[in-house]
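Got a minute to go through some labels and ask what each one rests on? Here is the structure in question.

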Amino acid sequence: MKQEQDWYKKAVVYQIYPKSFCDSNGDGVGDIRGIISKLDYLSDLGVNTVWLSPCYPSPNHDNGYDISDYRGIGKEYGTLNDFREMLDQMHRRGIRLLMDLVVNHTSDEHPWFVESRKSRDNPYRDFYIWKDGKDGGAPNDWNATFGGPAWEYDESTKQYYLHLFTVQQPDLNWDNPEARREIVDMINYWLDMGVDGFRCDVINSISKDFTAPYGGGIGPHLHEYLHELNRKAFAPHGAMTVGETWGLTPETALDFTGADRQELTMTFQFDHVCCGWDGSKFKKGKFDAKMFVGLLAHWQAGLNGRGWNTLVNENHDLPRSVSQFGDETVYVRESAKMLATLLYGMQGTPYIYQGQELGLINPHFGDISEYDDIETINAYHELAKKYEIPKVLKMLNDGSRDNSRVPMPWDGSKNAGFTAGKPWIKSGDYPAFMTAERERSDENSVFQYYKKLIALKKTDECLIYGDFRLLKNEHNVCVYERSYNGKKRIVICLFGTNAQSIANIYGIRPGGVVLSNYPDAAIGERIALRPYEAMIVKASDAGGAVE
Ligand code: TEU
Ligand code: CA
């Protein structure tokens, strides 16, 4: 699509997890024709960019993040023609498409790996990372992300291969120029087809640092390889790229996205989403609003004027944000709207995960047989060694990736309108008002609030470009300012159910409310905040004009 150079600053990204979005043919699995049927829904919501999680051919050990053909579409999702039609239909609606680029590893069924494991002198041997064992065991003591060692012994050639994720996801050897050339060609294949960019899966792990104590760190050639992708593929097409890069700081993020680096457009940051965990996503600690806001503000300040933030509360690897940081019961709508206001009022590109715009909560599965995700099932077996089963199930309820992978609830019909058949994973048992159909026709819904917030985020220059300044972060109240060309917006949010009032030292007038999650924001000399209240208001310095 034709584009302004910094279109990504006005992008509002909606993540589709294709398996769970919409099933068009009743086989229980979401598909591309299902997505096409919902593009008007996305237009109505107002998003202008879609990130599509993998829909390539895959044996699905890790739900599509184990790819066996980089240039195809998985049978269950449709055909390449369906894909081209979807892309065209998106572009007609002014929606850009980011594909998921999963190039740290392939599936073990990818033809490159099938060849690679055949013999030590196979031409594809060096596409992967093979090493001799050490002292009768694996080459080093690295562990895989989903449990167990990161090395798998291959009997036929008597060497180990590296897999930072499941055994079925062997890591590619980026030090091999042939492998890099194939990857560049593949990226250009999709960009030439008209795809607008990529979300780059665990991209910080592609260069391995074998001196590090674990496998996910920043390796010695990482930036060189990303620069190469940028020069040979991304830049010539003006592609937008977002790196999935756990564990960065604002400083190290700039190494990926600084204007002089020519690597990626932006990187995800997840610090705040982990702050309610006690060491692991399955161990819920006490949620600390001050820390949550503090971490977001740290990134805002860290990248201000130098880089560009991503604004993420949810994705397919995380539980629902309302369940983690809001109120699942009485104030479910207020808290969903407050979390959106707090996050998307900041500087950066919003990412919305399917169903987040409905304020969905965790589905609270009751039995391990209801889960599908490999990380969850492996964790279950590990945790069951230490804790009683009811406690383990509670831990999965809190942290499982399946919390966000259940079918999208479209309407009140069977399986929430996701499929006419049997869904591949149980539907969430959500309150009746949490469907796209109901929320679209209810002016007080979370959906309608997201719609207004998205419209603002695409047009209000203060909210797009404005500088960020944290004005208050205490006693569960957060106040920050966005300022641009003499204009100001103040964002005020209250966490929790205890009403509070704060002094109005910000020059806010009752008529200045741009958006709020209560119908009648109480603004005077003091501002009275009700449970999970949130507002975006216009303000001015010492009586100056309010615009
Ligand atoms: O995730 C990378 C990652 O680090 C995962 O371990 C994930 O964050 C995990 O759930 C944390 O507990 C990416 C994808 O988003 C994920 O779905 C894939 O499973 C993974 O890469 C492998 O491709
Ligand atoms: Ca289907």
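What follows is a run of questions and answers about a predicted model.

Q: What makes Asp 23, Asn 25, Asp 27, Val 29 and Asp 31 donors of the calcium ion (ligand 2)?
A: The distances do. For calcium the cut-off is 3.2 Å, and these protein donors lie 2.2 to 2.4 Å from the ion, so they count as donors. Val 29 takes part with O, while Asn 25 uses OD1 and Asp 23, Asp 27 and Asp 31 each use OD. Along the chain the donors follow the spacing D-x1-N-x1-D-x1-V-x1-D.

Q: Why is Val 29 called buried, and what is Asp 27 called?
A: Buried means under 20% relative accessible area. Val 29 has 14%, so Val 29 is buried. Asp 27 has 38%, and partly exposed is the class between 20% and 50%, so Asp 27 is partly exposed.

Q: How do you know whether Gln 300 is buried or exposed?
A: Set its relative accessibility of 2% against the limit of 20%: the value is under it, so Gln 300 counts as buried. Gln 300 sits in helix α8 (residues 289-303). Leaving out residues up to four places away in sequence, Gln 300 touches Asn 309, Leu 311, Met 346, Gln 347 and Phe 468.

Q: What makes a set of residues a nonpolar core, and which residues have the most contacts inside the largest one?
A: The members are buried residues of the listed nonpolar kinds, joined through side-chain atoms within 4.5 Å. The largest core has 144 residues, and Phe 83 and Leu 342 have the most contacts inside it. Not counting residues up to four places away in sequence, Leu 342 touches Phe 292, Val 293, Leu 296, Cys 478, Tyr 480, Cys 493 and Phe 495. A second, separate core has 14 residues, among them Val 477, Tyr 506, Leu 529 and Met 535. As a general tendency, nonpolar side chains in soluble globular proteins are buried together.

Q: What makes an empty space a cavity instead of a pocket?
A: The way out decides: in a cavity a 1.4 Å probe fits but cannot get out, whereas a pocket is open. The structure holds two cavities of 30 Å³ or more. The largest cavity has about 50 Å³ of space, and the second largest has a volume of about 30 Å³. Helix α10 gives the largest share of the lining of the largest cavity, five residues. For the second largest cavity, the largest share is three residues, from α14.

Q: How do you know which classes the lining of the second largest cavity falls into?
A: Check the residue types. Val 12, Tyr 344, Pro 350, Ile 352, Leu 453, Ile 454 and Lys 457 line this cavity. Lys counts as charged, while Val, Tyr, Pro, Ile and Leu count as nonpolar, so the split is six nonpolar, no polar and one charged.

Q: What lines the largest pocket, and which element gives the largest share?
A: The largest pocket, with a volume of about 1200 Å³, is lined by 48 residues, and Thr 145, Phe 146, Phe 165, Trp 246 and Glu 375 lie nearest its centre. Helix α11 (residues 374-384) gives the largest share, four residues. By class, the lining divides into 19 nonpolar, 18 polar and eleven charged residues.

Note on methods
Residues are numbered from 1 along each chain as its sequence is written. Chains are lettered from A and ligands numbered from 1 in the order in which they are written. This is a predicted model: local features need pLDDT of at least 70, side-chain atom pairs count only at pLDDT 80 or more; totals for chains, interfaces and linings use all residues. Side-chain values use heavy atoms; hydrogens and water are left out. Donors are N, O and S atoms within 2.8 Å of the metal (3.2 Å for Na, K and Ca); water is not among the atoms, so sites may look incomplete. Buried means under 20% relative accessible area, exposed over 50%, partly exposed in between (1.4 Å probe, protein chains only). On a 1 Å grid over the protein atoms alone, a cavity is a set of points where a 1.4 Å probe fits but cannot get out, and a pocket is an open set with protein on both sides within 12 Å along at least five of seven lines; lining residues have an atom within 4 Å of a point. Grid points are joined across faces, edges and corners, and a volume is the space filled by probe spheres set on the points. Helices (H or I, at least four residues) and strands (E, at least two) are DSSP runs, numbered from the N terminus. Contact means heavy atoms within 4.5 Å.
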